[in-house]
Amino acid sequence: MFWGGACDCQRTLAFGTPDEVAREVEQSIRVFAPGGGYVLAAVHNIQAGVPPENVIALFDTARAAGRYPVT
């Protein structure tokens, strides 16, 4: 099982654009999700000053791209 690694919280999430956040989340899902057991989450707490649109991009991208098949 791997927990975290959704997005670089100190750079991309804090200072990137929503599109950059979405690309990084999609990449993390491609890398960590195969085989199951990946829990997409921020590595650390989301700090003050992070643009709300970046947080929304993280969650929207995760919701759209990060579902395991229901068995």
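Helices and strands are DSSP runs, with at least four residues for a helix and at least two for a strand, numbered from the N terminus. Read along the sequence, this protein chain runs β-α-α-β-α. That pattern comes from three helices and two strands. The model is predicted. The briefing below moves from the overall shape to the core, the cysteines and then single residues.

**Overall shape**

- The chain has 71 residues, and a compact globule with that many would have a radius of gyration near 11 Å. The chain has 12 Å, which agrees.
- Along the principal axes, the C-alpha atoms fill a box of roughly 40 × 20 × 15 Å.
- Of the 71 residues, 31% count as buried.
- The chain exposes about 4,900 Å². Carbon and sulfur atoms supply 57% of that area.
- Take the contacts with a separation of 6 or more: residues 24 or more positions apart account for 72% of them.

**The nonpolar core**

- In soluble globular proteins, nonpolar side chains tend to be buried together.
- Here the largest nonpolar core has 14 residues. Those with the most contacts inside it are Cys7, Leu13, Val21, Val25 and Leu58.
- Three helices each supply at least two residues of this core: H1 (12–15), H2 (18–32) and H3 (52–65).
- What does Leu58 touch, leaving aside neighbours within four places in sequence? Leu58 is in contact with Ala6, Cys7, Leu13, Val21, Val25 and Leu40.

**The cysteines**

- A disulfide is a covalent bond between the sulfur atoms of two cysteines.
- How many disulfides does the structure hold? The structure holds zero.
- Why is Cys7 not bonded to Cys9? For Cys7, the closest cysteine sulfur is in Cys9, 6.4 Å away, and that is too far for a bond. The cut-off for a disulfide is 2.5 Å between the sulfurs.
- The result from the other side matches: the closest cysteine sulfur to that of Cys9 is in Cys7, at 6.4 Å, too far for a bond.
- Are these cysteines buried or exposed? Cys7 has 4% relative accessibility, so Cys7 counts as buried. Cys9 has 13%, so Cys9 counts as buried too.
- The cut-off behind both calls is a relative accessible area under 20%.

**Inside helix H3**

- Asn54 lies in helix H3. Its relative accessibility is 1%, so Asn54 counts as buried.
- The side chain of Asn54 reaches the backbone oxygen of Gly16 at 2.9 Å.
- Leaving aside neighbours within four places in sequence, Asn54 is in contact with Thr12, Leu13, Gly16, Thr17, Pro18 and Val21.
- Val55 is also in helix H3. Not counting residues up to four places away in sequence, Val55 touches Leu13, Ile46 and Val50.
- Val55 and Val21 are 34 residues apart in sequence. Their C-alpha atoms are 8.4 Å apart in space.
- Thr61 has its place in helix H3. At 10% relative accessibility, Thr61 counts as buried.
- A polar atom of the Thr61 side chain lies 2.7 Å from the backbone oxygen of Ala57.
- Pro52 is found in helix H3 as well. Is Pro52 buried or exposed? Pro52 has a relative accessible area of 56%, so Pro52 is exposed. The cut-off for exposed is over 50%.
- Pro52 and Ala64 are twelve residues apart along the chain, and 18 Å separates their C-alpha atoms.

**The loop between S2 and H3**

- His44 is found in the loop between strand S2 (38–39) and H3. At 53% relative accessibility, His44 counts as exposed.
- His44 and Ile29 are 15 residues apart in sequence. From C-alpha to C-alpha, they are 17 Å apart in space.
- Pro51 lies in the loop between S2 and H3. Which residues does Pro51 touch, not counting those up to four places away in sequence? Pro51 touches Leu13 and Ala14.
- Pro51 and Gly5 are 46 residues apart in sequence and 19 Å apart in space, C-alpha to C-alpha.

**Leu13 as a link**

- Leu13 appears in several of the contact lists above. Leu58 is in contact with Leu13, and so is Asn54. Val55 touches Leu13, and Pro51 touches Leu13.

Definitions and conventions
Residues are numbered from 1 along each chain as its sequence is written. This is a predicted model: local features need pLDDT of at least 70, side-chain atom pairs count only at pLDDT 80 or more; totals for chains, interfaces and linings use all residues. Side-chain values use heavy atoms; hydrogens and water are left out. A nonpolar core is a set of buried Ala, Val, Leu, Ile, Met, Phe, Trp, Tyr and Cys residues joined through side-chain atoms within 4.5 Å. Buried means under 20% relative accessible area, exposed over 50%, partly exposed in between (1.4 Å probe, protein chains only). Contact means heavy atoms within 4.5 Å. The radius of gyration is taken over C-alpha atoms; the globule rule is 2.2 Å times the number of residues to the power 0.38. Accessible areas come from the Shrake-Rupley method with a 1.4 Å probe; for residues, only the protein chains shown count as cover. A polar contact is a pair of N or O atoms within 3.5 Å; within protein, one must be able to donate a hydrogen and the other to accept it, and residues adjacent in sequence count only if both atoms are side-chain atoms.
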